[in-house]
Amino acid sequence: MTNNSTHQPSQPPSWHVDLPTNLCFRLANHIASLQRQKEQEGKRLVLGLATGSSPLPLYRALISLVEKGMLSFQNITTFNLDEYIGLSDTRHSYETFMWDNLFSHVDIEASHIHLVPRVTTLKEAHQAAADYEEAIANSGGIDLQILGIGRNGHIGFNEPGAPADSQTRVVQLDPVTRKDASEAFGGLDHVPTHAISMGIQTILRAREIHLLAWGSAKATAVHESIYGPVGSDVPASFLQTHADTSFHLDSSAATGIESMTQNAVKVA
Ligand code: GLP
(Lines give C-alpha, C1' and ligand atoms only; values in the text may rest on other atoms or scores of the structure.)
Protein backbone atom coordinates (compact mmCIF):
# COMPACT_ATOMS: atom_id res chain seq x y z
CA MET A 1 0.00 0.00 0.00
CA THR A 2 1.14 3.52 -0.69
CA ASN A 3 1.79 5.71 2.30
CA ASN A 4 1.70 9.30 1.13
CA SER A 5 1.62 10.94 4.52
CA THR A 6 5.35 11.37 4.99
CA HIS A 7 6.48 12.01 1.42
CA GLN A 8 5.14 15.26 0.15
CA PRO A 9 6.29 16.51 -3.24
CA SER A 10 8.38 19.68 -3.14
CA GLN A 11 7.34 20.48 -6.72
CA PRO A 12 6.68 18.43 -9.85
CA PRO A 13 9.97 17.58 -11.58
CA SER A 14 10.62 19.65 -14.69
CA TRP A 15 10.18 17.84 -18.00
CA HIS A 16 11.55 18.43 -21.47
CA VAL A 17 10.11 17.03 -24.70
CA ASP A 18 12.16 16.68 -27.87
CA LEU A 19 13.88 14.06 -29.99
CA PRO A 20 16.14 11.78 -27.89
CA THR A 21 19.24 12.87 -29.85
CA ASN A 22 18.56 16.56 -29.16
CA LEU A 23 17.79 16.04 -25.48
CA CYS A 24 20.85 13.84 -25.00
CA PHE A 25 23.10 16.27 -26.88
CA ARG A 26 22.08 19.02 -24.44
CA LEU A 27 22.44 16.75 -21.40
CA ALA A 28 25.89 15.58 -22.55
CA ASN A 29 26.98 19.21 -22.89
CA HIS A 30 25.67 19.91 -19.40
CA ILE A 31 27.73 16.97 -18.07
CA ALA A 32 30.80 18.31 -19.92
CA SER A 33 30.34 21.71 -18.34
CA LEU A 34 30.01 20.16 -14.85
CA GLN A 35 33.17 18.14 -15.55
CA ARG A 36 35.14 21.30 -16.45
CA GLN A 37 33.81 23.10 -13.38
CA LYS A 38 34.90 20.22 -11.12
CA GLU A 39 38.29 20.09 -12.84
CA GLN A 40 38.85 23.80 -12.13
CA GLU A 41 37.94 23.15 -8.49
CA GLY A 42 40.43 20.25 -8.38
CA LYS A 43 37.59 17.79 -7.71
CA ARG A 44 36.17 14.72 -9.38
CA LEU A 45 32.71 14.59 -10.98
CA VAL A 46 30.77 11.59 -9.69
CA LEU A 47 28.23 10.25 -12.18
CA GLY A 48 25.53 7.67 -11.47
CA LEU A 49 24.90 5.63 -14.61
CA ALA A 50 22.05 3.48 -15.89
CA THR A 51 21.70 0.62 -18.35
CA GLY A 52 18.92 -0.28 -20.78
CA SER A 53 18.10 1.26 -24.15
CA SER A 54 17.11 4.67 -22.75
CA PRO A 55 20.62 6.00 -21.95
CA LEU A 56 22.14 4.83 -25.26
CA PRO A 57 21.68 8.17 -27.10
CA LEU A 58 23.26 9.92 -24.11
CA TYR A 59 26.26 7.58 -24.15
CA ARG A 60 26.67 8.19 -27.90
CA ALA A 61 26.59 11.96 -27.28
CA LEU A 62 29.17 11.69 -24.47
CA ILE A 63 31.47 9.59 -26.70
CA SER A 64 31.14 12.16 -29.46
CA LEU A 65 32.16 14.98 -27.09
CA VAL A 66 35.21 12.97 -26.00
CA GLU A 67 36.16 12.34 -29.64
CA LYS A 68 35.92 16.09 -30.32
CA GLY A 69 38.09 16.90 -27.29
CA MET A 70 35.20 18.66 -25.52
CA LEU A 71 34.95 16.21 -22.61
CA SER A 72 37.40 14.07 -20.67
CA PHE A 73 36.53 11.26 -18.27
CA GLN A 74 39.89 11.53 -16.49
CA ASN A 75 38.39 13.32 -13.49
CA ILE A 76 35.09 11.41 -13.65
CA THR A 77 34.13 8.62 -11.25
CA THR A 78 31.13 6.44 -12.09
CA PHE A 79 28.73 4.27 -10.12
CA ASN A 80 26.22 2.06 -11.90
CA LEU A 81 22.73 1.59 -10.53
CA ASP A 82 22.29 -2.14 -10.46
CA GLU A 83 23.24 -5.66 -11.57
CA TYR A 84 21.54 -9.03 -11.86
CA ILE A 85 22.42 -11.77 -9.36
CA GLY A 86 23.34 -15.26 -10.53
CA LEU A 87 24.13 -14.70 -14.21
CA SER A 88 25.65 -17.80 -15.76
CA ASP A 89 27.90 -15.75 -18.06
CA THR A 90 28.83 -12.11 -18.66
CA ARG A 91 26.78 -11.72 -21.88
CA HIS A 92 23.75 -10.12 -20.19
CA SER A 93 25.65 -8.39 -17.42
CA TYR A 94 25.43 -4.64 -16.99
CA GLU A 95 29.23 -4.69 -16.76
CA THR A 96 29.42 -5.88 -20.39
CA PHE A 97 26.74 -3.36 -21.41
CA MET A 98 28.66 -0.45 -19.91
CA TRP A 99 32.00 -1.42 -21.46
CA ASP A 100 30.39 -2.00 -24.87
CA ASN A 101 28.36 1.19 -24.91
CA LEU A 102 30.50 3.71 -23.02
CA PHE A 103 33.64 2.81 -21.11
CA SER A 104 35.58 1.27 -24.02
CA HIS A 105 35.07 4.44 -26.05
CA VAL A 106 36.12 7.12 -23.55
CA ASP A 107 39.28 8.02 -21.61
CA ILE A 108 38.12 6.73 -18.23
CA GLU A 109 40.53 4.87 -15.95
CA ALA A 110 39.22 1.46 -14.92
CA SER A 111 39.91 2.26 -11.26
CA HIS A 112 37.34 5.07 -11.41
CA ILE A 113 34.56 2.77 -12.64
CA HIS A 114 32.28 1.26 -10.01
CA LEU A 115 29.99 -1.51 -11.14
CA VAL A 116 27.69 -3.41 -8.82
CA PRO A 117 29.57 -6.72 -8.47
CA ARG A 118 28.32 -9.79 -10.30
CA VAL A 119 27.71 -12.36 -7.58
CA THR A 120 26.08 -15.73 -7.57
CA THR A 121 24.77 -16.24 -4.04
CA LEU A 122 22.42 -14.11 -1.96
CA LYS A 123 24.89 -14.18 0.92
CA GLU A 124 27.61 -12.60 -1.23
CA ALA A 125 25.04 -10.18 -2.59
CA HIS A 126 24.07 -8.74 0.81
CA GLN A 127 27.71 -7.97 1.63
CA ALA A 128 28.39 -6.58 -1.85
CA ALA A 129 25.38 -4.26 -1.56
CA ALA A 130 26.50 -2.86 1.79
CA ASP A 131 30.05 -2.35 0.47
CA TYR A 132 28.70 -0.57 -2.61
CA GLU A 133 26.63 1.89 -0.56
CA GLU A 134 29.73 2.64 1.50
CA ALA A 135 31.84 3.20 -1.64
CA ILE A 136 29.31 5.76 -2.92
CA ALA A 137 29.43 7.63 0.39
CA ASN A 138 33.24 7.50 0.45
CA SER A 139 33.36 9.09 -3.02
CA GLY A 140 31.59 12.16 -1.64
CA GLY A 141 28.24 11.18 -3.15
CA ILE A 142 26.78 11.26 -6.64
CA ASP A 143 26.71 14.66 -8.36
CA LEU A 144 24.50 13.67 -11.30
CA GLN A 145 22.40 10.52 -11.61
CA ILE A 146 21.09 9.17 -14.93
CA LEU A 147 17.95 7.01 -14.76
CA GLY A 148 15.69 5.07 -17.10
CA ILE A 149 12.24 3.96 -15.99
CA GLY A 150 10.45 0.63 -16.14
CA ARG A 151 6.87 0.29 -17.44
CA ASN A 152 5.87 -0.29 -13.82
CA GLY A 153 7.60 2.91 -12.68
CA HIS A 154 10.75 1.23 -11.37
CA ILE A 155 14.04 3.13 -11.19
CA GLY A 156 17.21 1.05 -11.06
CA PHE A 157 15.67 -2.18 -9.84
CA ASN A 158 13.53 -0.44 -7.21
CA GLU A 159 10.34 -2.27 -8.02
CA PRO A 160 6.84 -1.32 -6.79
CA GLY A 161 6.93 -1.63 -3.01
CA ALA A 162 10.44 -0.18 -2.68
CA PRO A 163 10.63 1.90 0.49
CA ALA A 164 11.65 5.57 0.41
CA ASP A 165 14.48 4.94 2.86
CA SER A 166 15.97 2.00 0.92
CA GLN A 167 19.71 1.82 0.27
CA THR A 168 21.73 -0.46 -2.01
CA ARG A 169 20.35 -3.94 -1.36
CA VAL A 170 19.18 -7.26 -2.75
CA VAL A 171 15.84 -6.98 -4.55
CA GLN A 172 13.41 -9.45 -6.09
CA LEU A 173 12.50 -8.61 -9.67
CA ASP A 174 8.90 -7.78 -10.54
CA PRO A 175 7.10 -10.06 -13.07
CA VAL A 176 6.72 -7.04 -15.45
CA THR A 177 10.47 -6.40 -15.33
CA ARG A 178 11.32 -10.07 -15.94
CA LYS A 179 8.88 -10.24 -18.84
CA ASP A 180 10.40 -7.11 -20.42
CA ALA A 181 13.87 -8.68 -20.12
CA SER A 182 12.83 -12.12 -21.39
CA GLU A 183 13.47 -11.48 -25.09
CA ALA A 184 17.06 -10.37 -24.44
CA PHE A 185 17.63 -13.43 -22.25
CA GLY A 186 16.08 -15.85 -24.75
CA GLY A 187 13.08 -16.74 -22.59
CA LEU A 188 11.57 -15.93 -19.19
CA ASP A 189 13.18 -18.96 -17.54
CA HIS A 190 16.63 -17.50 -18.21
CA VAL A 191 15.90 -14.11 -16.59
CA PRO A 192 17.36 -13.86 -13.08
CA THR A 193 14.89 -13.49 -10.22
CA HIS A 194 17.02 -11.18 -8.07
CA ALA A 195 19.37 -8.23 -8.46
CA ILE A 196 21.38 -5.75 -6.42
CA SER A 197 20.14 -2.19 -6.81
CA MET A 198 20.90 1.21 -5.39
CA GLY A 199 17.95 2.15 -3.19
CA ILE A 200 15.47 5.00 -3.46
CA GLN A 201 17.33 6.92 -0.77
CA THR A 202 20.66 6.27 -2.50
CA ILE A 203 19.24 7.76 -5.71
CA LEU A 204 17.58 10.72 -3.98
CA ARG A 205 20.89 11.68 -2.36
CA ALA A 206 22.28 12.55 -5.83
CA ARG A 207 22.61 16.32 -6.26
CA GLU A 208 20.81 16.30 -9.61
CA ILE A 209 18.83 13.57 -11.36
CA HIS A 210 17.99 13.15 -15.05
CA LEU A 211 15.45 10.49 -16.09
CA LEU A 212 15.29 9.48 -19.77
CA ALA A 213 12.18 7.85 -21.27
CA TRP A 214 11.31 7.12 -24.87
CA GLY A 215 8.25 5.48 -26.41
CA SER A 216 4.55 5.14 -25.60
CA ALA A 217 5.09 2.10 -23.34
CA LYS A 218 6.56 4.51 -20.76
CA ALA A 219 3.82 7.18 -21.00
CA THR A 220 1.68 5.95 -18.09
CA ALA A 221 4.65 5.42 -15.78
CA VAL A 222 5.98 8.88 -16.67
CA HIS A 223 2.63 10.54 -15.99
CA GLU A 224 2.18 8.75 -12.65
CA SER A 225 5.75 9.57 -11.65
CA ILE A 226 5.43 13.30 -12.25
CA TYR A 227 1.81 13.99 -11.31
CA GLY A 228 0.62 10.93 -9.37
CA PRO A 229 0.71 10.40 -5.61
CA VAL A 230 4.17 9.98 -4.11
CA GLY A 231 4.73 6.48 -2.81
CA SER A 232 6.12 3.01 -3.25
CA ASP A 233 3.45 1.90 -5.75
CA VAL A 234 5.29 3.90 -8.42
CA PRO A 235 8.89 4.15 -7.20
CA ALA A 236 9.81 6.94 -9.65
CA SER A 237 7.16 9.14 -7.98
CA PHE A 238 9.64 9.61 -5.11
CA LEU A 239 11.54 11.86 -7.54
CA GLN A 240 8.87 14.48 -6.81
CA THR A 241 10.51 14.91 -3.41
CA HIS A 242 13.90 15.73 -4.97
CA ALA A 243 14.79 19.38 -5.53
CA ASP A 244 16.60 19.02 -8.86
CA THR A 245 15.11 16.30 -11.07
CA SER A 246 14.44 16.58 -14.82
CA PHE A 247 12.54 14.16 -17.05
CA HIS A 248 13.76 14.03 -20.68
CA LEU A 249 10.99 12.61 -22.89
CA ASP A 250 10.22 12.01 -26.53
CA SER A 251 6.70 12.96 -27.64
CA SER A 252 5.41 9.37 -27.22
CA ALA A 253 6.60 9.05 -23.63
CA ALA A 254 5.09 12.47 -22.92
CA THR A 255 1.62 11.54 -24.22
CA GLY A 256 0.12 11.33 -20.73
CA ILE A 257 1.41 14.71 -19.63
CA GLU A 258 1.27 16.73 -22.83
CA SER A 259 -1.86 18.63 -21.79
CA MET A 260 -0.15 19.67 -18.57
CA THR A 261 2.05 22.67 -19.15
CA GLN A 262 2.85 23.65 -15.59
CA ASN A 263 6.59 23.57 -14.93
CA ALA A 264 7.29 22.17 -18.38
CA VAL A 265 10.00 23.21 -20.76
CA LYS A 266 8.63 22.23 -24.18
CA VAL A 267 11.25 22.29 -26.84
CA ALA A 268 9.60 20.59 -29.80
C1 GLP B 1 16.10 -2.30 -16.39
C2 GLP B 1 17.13 -1.47 -15.64
C3 GLP B 1 16.61 -0.08 -15.38
C4 GLP B 1 16.13 0.52 -16.68
C5 GLP B 1 14.98 -0.30 -17.21
C6 GLP B 1 14.37 0.25 -18.48
O7 GLP B 1 15.11 -2.76 -15.56
N8 GLP B 1 17.49 -2.06 -14.38
O9 GLP B 1 17.63 0.72 -14.80
O10 GLP B 1 15.70 1.84 -16.46
O11 GLP B 1 15.48 -1.62 -17.46
O12 GLP B 1 15.10 -0.16 -19.60
P13 GLP B 1 14.95 0.48 -21.02
O14 GLP B 1 15.68 1.80 -20.97
O15 GLP B 1 15.62 -0.49 -21.95
O16 GLP B 1 13.51 0.64 -21.31
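**Figure 1. Overall view of the chain in the predicted model.** Of the 268 residues in the chain, 44% are buried. The secondary structure consists of seven helices and 11 strands. Along the principal axes, the C-alpha atoms occupy a box of roughly 45 × 40 × 35 Å. The radius of gyration is 18 Å, which agrees with the value near 18 Å for a compact globule of 268 residues. When contacts between residues at least 6 apart in sequence are considered, 81% of them join residues at least 24 apart.

**Figure 2. Close-up of strand β6, residues 144-147.** In a regular strand, side chains alternate between the two faces of the sheet. In strand β6, Leu144 and Ile146 point one way, while Gln145 and Leu147 point the other way. Are these four residues of β6 buried or exposed? Leu144, Gln145, Ile146 and Leu147 are all buried.

**Figure 3. Close-up of the strands that pair with β6.** Strand β2, which spans residues 45-49, is joined to β6 by two bridges, and these strands run parallel. Within this pairing, Leu47 has Leu144 of β6 as its bridge partner. Strand β9, formed by residues 208-213, is joined to β6 by four bridges, again with the strands running parallel. Here Gln145 has Ile209 of β9 as its bridge partner. Leu144 and Gln145, the β6 residues named in these two bridges, point opposite ways from the strand.

**Figure 4. Close-up of Arg169 and its surroundings.** Arg169 belongs to strand β7, which covers residues 169-172. Why does Arg169 count as buried? A residue is classed as buried if 20 or more other C-beta atoms lie within 10 Å of its own, and Arg169 counts as buried because it has 21 C-beta neighbours inside 10 Å. Apart from neighbours within four places in sequence, Arg169 is in contact with Ala129 and Gly199. Tyr132 lies 37 residues from Arg169 along the chain, and the C-alpha atoms of Arg169 and Tyr132 are separated by 9.1 Å.

**Figure 5. Close-up of the shell around the ligand.** How many residues surround the ligand? The shell contains 13 residues, and the closest to the ligand are Ala50, Gly52, Ser53, Ser54 and Gly148. By residue class, the shell divides into eight polar, four nonpolar and one charged.

Notes: Residues numbered from 1 in each chain as written. Predicted model: local features only at pLDDT ≥ 70, side-chain atom pairs only at ≥ 80, totals over all residues. Near = placed C-beta within 6 Å. Nonpolar A, V, L, I, M, F, W, Y, C, P; charged D, E, K, R; others polar. Buried ≥ 20, exposed ≤ 12 C-beta atoms within 10 Å, placed from the backbone. Contact = placed C-beta atoms within 7 Å. Rg over C-alpha atoms; globule rule 2.2 N^0.38 Å. Pairing = 2+ DSSP bridges.
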